[in-house]
Amino acid sequence: MTDNILIIGGSGQIGSELTLSLRKNYGDANVFATDIRQPPKGVIENGQFHLLDALDEKRLGHFVTRYKITQIYHLAAILSGSAEKVHLQAWDINMRSLINVLKISNEVGIKKIFWPSSIAVFGKTTPKDKTPQLTIMEPNTIYGISKLAGERWNEYYYNRFRVDVRSIRYPGLISYKAEAGGGTSDYAVEIFYDAVKAGKYECFLREDTILPMMFMPDAVRASLELMETDSSKLSVHSSYNLNAISFSPGELAGEIKKDVPDFVIEYKPDFRQVIADSWPRSIDDSVARKDWGWKHEYGLKELVEIMLREIKKKSL
């Protein structure tokens, strides 16, 4: 029987690209993208899209039953920078939506769930370099707290009810297909648009702030590979560390200047600097590499070349 896949948060940065990849793998008719807002053109034109609020447990359950859903990708969340401005609302949205998905999945027998965690689960007391899979986790942001709590709910539902939840602790994600969504690492998306359109950028982090980053095609591929891996090979049921490249705004600006020589960057750190300072500089993802063969493809040079080329095309 063909899987029917529900994507919650299909209009977002990750969701819009995962939707297109899943449609290629499972067919347009079997992938149901949903969100509380309208999606990018490609998502709505090339397959099914429905307005759906994951906080509405009754409607979510009805949707899952009506369309005979077998897999759920739950991507909806308020990200780190935005969450600090509406912390109680962010907690409610991030947590209640996940619990609704876990509860319904257990009740109807969903085969697999994908839910993204984040490097925000780490904190100031976590080792900064090559942060291990198992380590001290004391997040000091509402986004990080909600993601850490979500990881514990995932493992609880796996151990108690054998609900197959799979998760990745995403680093900062960079994409030219969707606009930045309010995350602390989003300078690494905004900088390309401003470099192309204005030749200058005002960065909200210090020049030397090193963070783990990943090009979106690697993140999408990692998510799909994890979901396709036989459950017997998976040793982590909270969330897997995932790594690709680490760099600072200064290093990124230097690479951009190779293509845009007159590019100017100014540094004016804001409240997001405190968040970034609590996150790792690099991640040890050896468990993911051992369990399901994870390996990133894109380095900084390739990422910058593609981002500038594609954003220039969009600006024409």
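This report describes the overall build of one predicted chain, then two of its strand groups, and finally some features of its loops and surface.

The model is predicted, with local features requiring pLDDT of at least 70 and side-chain atom pairs counting only at pLDDT 80 or more, while totals for chains, interfaces and linings use all residues. Residues are numbered from 1 along each chain as its sequence is written, and side-chain values use heavy atoms, with hydrogens and water left out.

**Overall build**

The chain holds twelve helices and 14 strands, where helices (H or I, at least four residues) and strands (E, at least two) are DSSP runs numbered from the N terminus. Its radius of gyration is 19 Å, close to the 20 Å that the globule rule gives for 316 residues, so the chain is as compact as a globular protein of that length; the radius is taken over C-alpha atoms, and the rule is 2.2 Å times the number of residues to the power 0.38. Along the principal axes, the C-alpha atoms fill a box of roughly 55 × 45 × 40 Å. Of the 316 residues, 57% count as buried, a term that means under 20% relative accessible area, with exposed meaning over 50% and partly exposed lying in between (1.4 Å probe, protein chains only).

**Strand β2 and its partners**

Strand β2 (residues 31-35) is largely enclosed by the rest of the structure, because five of its five residues are buried. Val 31, Ala 33 and Asp 35 point one way from β2, whereas Phe 32 and Thr 34 point the other way. Strands count as paired if DSSP finds at least two bridges between them, and β2 pairs in the parallel sense with strand β1 (residues 5-8) over four bridges, with Ile 8 standing opposite Thr 34. Between these two strands the chain passes through helix α1 (residues 13-26), in a β-α-β crossover that is right-handed, which means that, with the strands pointing away from the viewer, the path from the first strand over the helix to the second runs clockwise. Strand β3 (residues 48-51) also runs parallel to β2 and is joined to it by four bridges, and here Asp 35 stands opposite Leu 51.

**A three-stranded open sheet**

Another group is an open sheet of three strands in the order β6-β8-β12, with parallel pairing. Strands β6 (117-118) and β12 (240-241) stand at the edges with a single partner strand each, so one side of each is left without a neighbour in the sheet. Two bridges join β6 to β8 (residues 168-170), and Ser 117 stands opposite Arg 169.

**Loops and surface**

Most residues other than glycine have a negative phi. Two residues with a positive phi are set out below.

| Residue | Phi | Loop | Relative accessibility |
|---|---|---|---|
| Lys 68 | near 50° | between α3 (57-66) and β4 (71-74) | 60%, exposed |
| Arg 162 | near 60° | between α6 (142-161) and β7 (165-166) | 55%, exposed |

Trp 153, Tyr 156 and Phe 161 form a nonpolar patch on the surface, with about 270 Å² of accessible area together. Such patches are made of residues with over 30% relative accessible area and no salt bridge (a side-chain nitrogen of Lys or Arg within 4 Å of a carboxyl oxygen of Asp or Glu), nonpolar side chains (Val, Leu, Ile, Met, Phe, Trp, Tyr) being joined within 5 Å and like charges within 9 Å. Accessible areas come from the Shrake-Rupley method with a 1.4 Å probe, and for residues only the protein chains shown count as cover. Tyr 156 is found in helix α6 and, at 39% relative accessibility, counts as partly exposed.
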